Amino acid sequence: GSAVGEECRCHRMLAKNFTRKVVPDSVYWGFCVGKPSANFGRIRMFLEEKDHGQIVARPSPTPESKVALAEFVVNASALEYGSFVSFYPLTSRRNQIRIMAAHALRCPLLG
């Protein structure tokens, strides 16, 4: 799709979230290694914290996992080498943005 078309879809998604009152109240910016396959969207993951502090990402819910939600927008990219991404968390889970970038987007945060 064209950049204009994708921008319109992104605006529609944000407008829908405003009407549903599911609007993030914070934003985190990061530089990711690589380029996500989508330019915007919502990430839903299930995170489970182990006794020793390690966090495990699960593809489906388990009795011990907690849902983690965030929306993202790719603001700019340098070919396939890196991308400047805005993350809008809807939940507060430890390291959720780093885990989502690495596992859901397959583009880990730099630094």
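Q: Among contacts in the protein between residues at least 6 apart in sequence, what share joins residues at least 24 apart?
A: This is a predicted model: local features need pLDDT of at least 70, side-chain atom pairs count only at pLDDT 80 or more, and totals for chains, interfaces and linings use all residues. Residues are numbered from 1 along each chain as its sequence is written, and side-chain values use heavy atoms, without hydrogens or water. Contact means heavy atoms within 4.5 Å. Of the contacts between residues at least 6 apart, the share joining residues at least 24 apart is 61%.

Q: In what order do the elements of the protein run from the N terminus?
A: Elements are DSSP runs numbered from the N terminus: helices are H or I with at least four residues, strands E with at least two. The protein has two helices and five strands. From the N terminus, the order is α-β-β-β-β-β-α.

Q: Which are the edge strands of the open sheet?
A: Two strands pair if DSSP finds at least two bridges between them. The five strands lie in the order β1-β5-β4-β2-β3, with antiparallel pairing. Pairing on one side only marks the edge strands, β1 (28-33) and β3 (55-58).

Q: What angle does the direction of α2 make with that of β2?
A: α2 packs on the sheet and touches β1, β2, β3, β4 and β5. Axes are lines fitted to C-alpha atoms, for helices over the stretch in contact, and angles run from 0 to 180 degrees between N-to-C directions. Against β2, the angle is about 110°.

Q: Which elements each supply at least two residues of the largest nonpolar core?
A: A nonpolar core is a set of buried Ala, Val, Leu, Ile, Met, Phe, Trp, Tyr and Cys residues joined through side-chain atoms within 4.5 Å. This one has 16 residues, and C32, I43, M45, F72, V85, F87 and M100 touch the most other members. At least two residues each come from β2 (40-49), β4 (66-78), β5 (82-89) and α2 (96-104).

Q: Is Q96 buried or exposed?
A: Q96 is found in helix α2. Buried means under 20% relative accessible area, exposed over 50%, partly exposed in between (1.4 Å probe, protein chains only). At 3%, Q96 is therefore buried.

Q: With which side chain does the side chain of Q96 make a polar contact?
A: A polar contact is a pair of N or O atoms within 3.5 Å; within protein, one must be able to donate a hydrogen and the other to accept it, and residues adjacent in sequence count only if both atoms are side-chain atoms. At 2.9 Å, the partner of Q96 is T91.
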